[in-house]
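Here is a walk through one model, starting with its charged pairs and ending with its overall build. Have the structure open while you read.

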Amino acid sequence: MQQQPEPETVRLGRAALSLIADARDSDEPARLDEAVALLDRAIAGTPQHDDVTLPVHFAALGAALQLRFELLGDPADLDRAIEDGRRASAACPAGHSAHTALRSNLAVSLVARADRTGRPEDLQEAVSQIEEALRLTPDGDPNRPLVLKNAAQTFLALFRRTRTVSDLDRAETLVREALVSHTQRSAWSTYADIQLARHEVTKLPEDLDTAITVCRRAVRNEPAGSRRWASSKSSYALLLLHRYRATGGAEDVAAAVQACGEALSHLPEDSPERASHLAVLAEVLHERHRRDRQPDDLLAAVDAMTRAVRASRADDPVTPRRLATLADWSAGTDRPAADADVAIDTATEAVAAATMPDRGRAEALDALARAHRTRYEQTGAPTHLDAAVQAARDALEAAEDDPSRRAPHLQNLGLSLRIRFEASGATQDIEEAVAAFRESAAAISAGHRDLPVYLSGLGNSLHRLYERTGNATHLTEAVEVIRQAVAAAPPGDPIRASCLSDLSFSLRVLFEVHGDADDLAAAVRAGEDAVAETDEKDDMWPAAIGNLAVALALQHERSGDDQGADRAIEACDRAVKAPGIREMDRRRLLGILGPLRLMQYQLLQRADDLESGMATLRAAVKATPENHATRHQLLANLASALYLTFQLTGSHDDLRAAIASAEEALATLPENHPQERGYRHNLDLMLSAQRERSPRKGLRAWARRRT
C-alpha cells in the first residue's frame, strides 16, 4: 500500500520544532524568527476543525514566542504567547497530547508577564494553568519533569508575591521531583533560587550555603558560554554577595566579581539579559566599597549600574529601581556636590519611569528623598529638606501594605523628619520621626541585617525628642535602644561603628543629666571602640572622632586629667587636617574643636588655647554657607567666645563683635527653635555688659553646649 505523503503543515511544524531546539542551544533569535514564521504558515494552512494537529502547532508557537521574549525582551511576544495559548488551551480536546504543554507554556508566560507588570491576576491564572497541567501529567509521562520545573517556578513566584511559606515548600517539593528525572538541567537554577528564598525566610546560613552549592551544580550542568550558563554564573555571584554581606569573607566577594565578569564576557552587547548581569556586578562592587571604602570600587559600581540602566528597556519593570540605586550612589556623601544634583535628576527620572505603585515607585521616591537630604547637607537650603520629607511621604504611600516591606520607607521618612527637626526645631517633626522609627523597628524580625539601622534611628530620634522636651525618660530609652542596635550589629559591619558612636554621644548626655561617672566612662569606651572600628576612609570616622573628643574633654574637666583633653584636641585636629575629608565633616569638627580649645584655656589658662580656639571658631563660621541651617550654632559659640575674651581683656571691640555674632545667630534661628531661650539669655548678658560696663563675669555655660 502506497504511503500517503506528509501534509505540508505537518512538515512545517516539524521544521519549526527543530529550529526551536537549535535556538535553545545556540541562543540565536534568528532561528526563532524563522520558527515563528513557519508555525504561522502551518496554523494558517491547518483547518480550524483539525483538533489533532492545530494544538501541536499552537504549543510549539507558544514555546517559540516565550523563548524569543527571553532572548530579546519584547513584551509583544509575551502578550501574543498568552493570547494564543489561551485560545489553544480552550479549544484543545481533553486527552490531547498537547494539552499539558499548552497549559504549562501558558503558565510560564503568565509568570513572566506578572513579574514584568506586577499584575496579580496573571499570577493567579498561572497557578490555575499549572495545577491543571500537573493533574493531566501522570507519573512516568515524559513531559512531567518539564511541567514539574515550570510548576516550581510558578509557586516560587507566588511565594515572592504572598510571602506564604507553604508556597515555597510546594515549590521545593516540585523541583526536587523534577531533578530526579535528570532531564531538566535548568531545574538546578530554579532549586538555587528556592534555597535563596528559603534563606531570606529563615536567615539560616546553612540555607544560603545549600543555595550556593546547588548553583555551582547549575553552572556545571549548562554548556559553557551559553545564555543559561551566564545566567547561572550571575545567580552564583548574587548568592556569594548575600554570604559576603553576612560574613564579610573576602574570598566570596572576589569570586562574585570574577563570576560576573565571566558571565558578561559571554553575552552579546545587545543581549537583553546584559542589563541584569551588569546590575549584579554593580551591587557586588558597591558592597565591597561599603566594607573597604576603596574609591575605585565606588566608581566602578556607578559605571556598571549606569551601563545597566542604558542596557535596560524603557519599559523594563526593574529600570526604576536601577535608576533609584544609581541616584543613591551618585548622592553618596563622599561624592562631589554636583553629583547630588545629578542624583536628584536621576531619582526624578526613576519616579517618572515607575508607572505602577508596586514596581519600584516607592524605592524611586525614597532615592529622591535621600538625594535631597544630601543636597541639604551640602547647601543648608531648607527647601531640600521639605522636598525630602514630601518624597518620603509619597514613598510610604506608594509602598505595599506588608509591614515588613514598609519598614525601609518608614525609616527614610523618620530620618528626613528628624533632620528637618534639627534644622527647624519643630516638635511635630521629631514626634512623627520617633513614631516612624518605632514602627519600622517593630516591623522587621530579630536578626534582620537592617535592624541595627532602624534601632539606631529610633535611639537618635528619642535623643532629639529629649532635647526638645527635657523629659529624661526619652534619653534613658534612647541609650537602651542604641545599646540594642550595637548588640544587633555584626562585627566588622560599618553600621556597628556608627551605633557605637551614637551610644557614646547619648551616654555623654546622660552623664550631663545625672552626673553618674559610670555613664561618662562608658561614653569614652564606646567612642574609643567606634574610632577603632573606623579609619580615615570611612564616612563615620569624623563623627566618631568628634563624639569621642567631647567625651574625653568632659572626662578631663571632671578629673583634671590633662592627657584626656590633649587627646581630644589632637584627635579633632588630626581629623580636620585629614586629606580628602568632606567639607561638611570638616566644618562640623571645626565647630567642636573651637569650644574644646577654649575650654582647655579656661582650665589651664594657656594663651595659645584662647587664640587657636577663636581662630578655629571663625574658620568654622567662614566654612559654613550663610543660609545653612547649622550656622546659628557656630555663630552662638563664636559670640560666647568673643564675650569671654571681652571679660578677660575689657576690649569693647570684642564685646561689640560678640553682640553682632549673637544677634546674627538669633536672626538665622528658625521660629520657636528650642535653643532660642538660651541664645537670648546670652545676648541679654552681653547687652547688659555693654550698658553697665559691668565687672568681668565668668561664662562657662557656652563650653558645655553640644555643638
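The structure holds 48 salt bridges, counting a salt bridge wherever a side-chain nitrogen of Lys or Arg sits within 4 Å of a carboxyl oxygen of Asp or Glu. This is a predicted model, so local features need pLDDT of at least 70 and side-chain atom pairs count only at pLDDT 80 or more, while totals for chains, interfaces and linings use all residues. Residues are numbered from 1 along each chain as its sequence is written, and side-chain values use heavy atoms, with hydrogens and water left out.

Three of the bridges are set out below.

| Acid | Base | Closest N to O distance |
|---|---|---|
| D77 | R68 | 2.8 Å |
| E125 | R86 | 2.6 Å |
| E262 | K233 | 2.5 Å |

Take E262 and K233: this pair links distant parts of the chain, with E262 in helix α12 (residues 250–265) and K233 in helix α11 (residues 227–247), 29 residues apart. Helices here are DSSP runs (H or I, at least four residues), strands are E runs of at least two, and both are numbered from the N terminus. E262 is partly exposed at 24% relative accessible area, whereas K233 is buried at 15%. For those labels, buried means under 20% relative accessible area, exposed means over 50%, and partly exposed is in between (1.4 Å probe, protein chains only).

The E125 and R86 bridge also joins distant parts of the chain: E125 is in helix α6 (residues 120–136), R86 is in helix α4, and 39 residues separate them. R86 is partly exposed, with a relative accessible area of 34%. With D77 and R68, on the other hand, both residues are buried.

Which residues are joined into one network by salt bridges that share partners? They are D79, R86, R113, R119, E121, D122 and E125.

Now for the rings. The count comes to 2 aromatic pairs, where rings of Phe, Tyr and Trp (its six-membered ring) pair if their centres lie within 6.5 Å; planes under 30 degrees apart count as stacked, over 60 as edge-to-face and the rest as tilted. W188 and Y191 have ring centres 6.3 Å apart and planes at 50°, so they make a tilted pair. Both lie in helix α9 (residues 187–202), 3 residues apart, or about one turn of the helix. W188 is buried at 17% relative accessible area, and Y191 is buried at 7%.

Y643 and F646 make the stacked pair, because their planes are at 25°, with the ring centres 5.9 Å apart. They too have a helix in common, α29 (residues 631–649), where being 3 residues apart puts about one helical turn between them. Y643 and F646 are both buried.

On to the empty space inside. The structure holds 4 cavities of 30 Å³ or more. A cavity is a set of points, on a 1 Å grid over the protein atoms alone, where a 1.4 Å probe fits but cannot get out, and lining residues have an atom within 4 Å of a point. Grid points are joined across faces, edges and corners, and a volume is the space filled by probe spheres set on the points.

The second largest cavity has about 60 Å³ of space. Its lining is made up of F58, A59, G62, A81, G85, L102, N105, L106 and S109. Which helices each supply at least two residues of this lining? They are α3 (54–72), α4 (75–91) and α5 (99–117), and α5 gives the most, with 4 residues. The lining divides into 5 nonpolar residues, 4 polar and no charged, if Ala, Val, Leu, Ile, Met, Phe, Trp, Tyr, Cys and Pro count as nonpolar, Asp, Glu, Lys and Arg as charged, and the others, Gly among them, as polar.

What about the cysteines? The disulfide count is 0, with a disulfide taken as a pair of cysteine sulfur atoms within 2.5 Å. Why does C215 not bond to C260? The C260 sulfur is the closest cysteine sulfur to that of C215, but at 11 Å it is too far for a bond. C215 is buried, at 1% relative accessible area, and C499 also counts as buried, at 0%.

Finally, the overall build. The protein chain has 32 helices and 0 strands. Its C-alpha trace spans about 130 × 40 × 40 Å along the principal axes. Of its 707 residues, 55% count as buried.

Key:
On a 1 Å grid over the protein atoms alone, a cavity is a set of points where a 1.4 Å probe fits but cannot get out, and a pocket is an open set with protein on both sides within 12 Å along at least five of seven lines; lining residues have an atom within 4 Å of a point.
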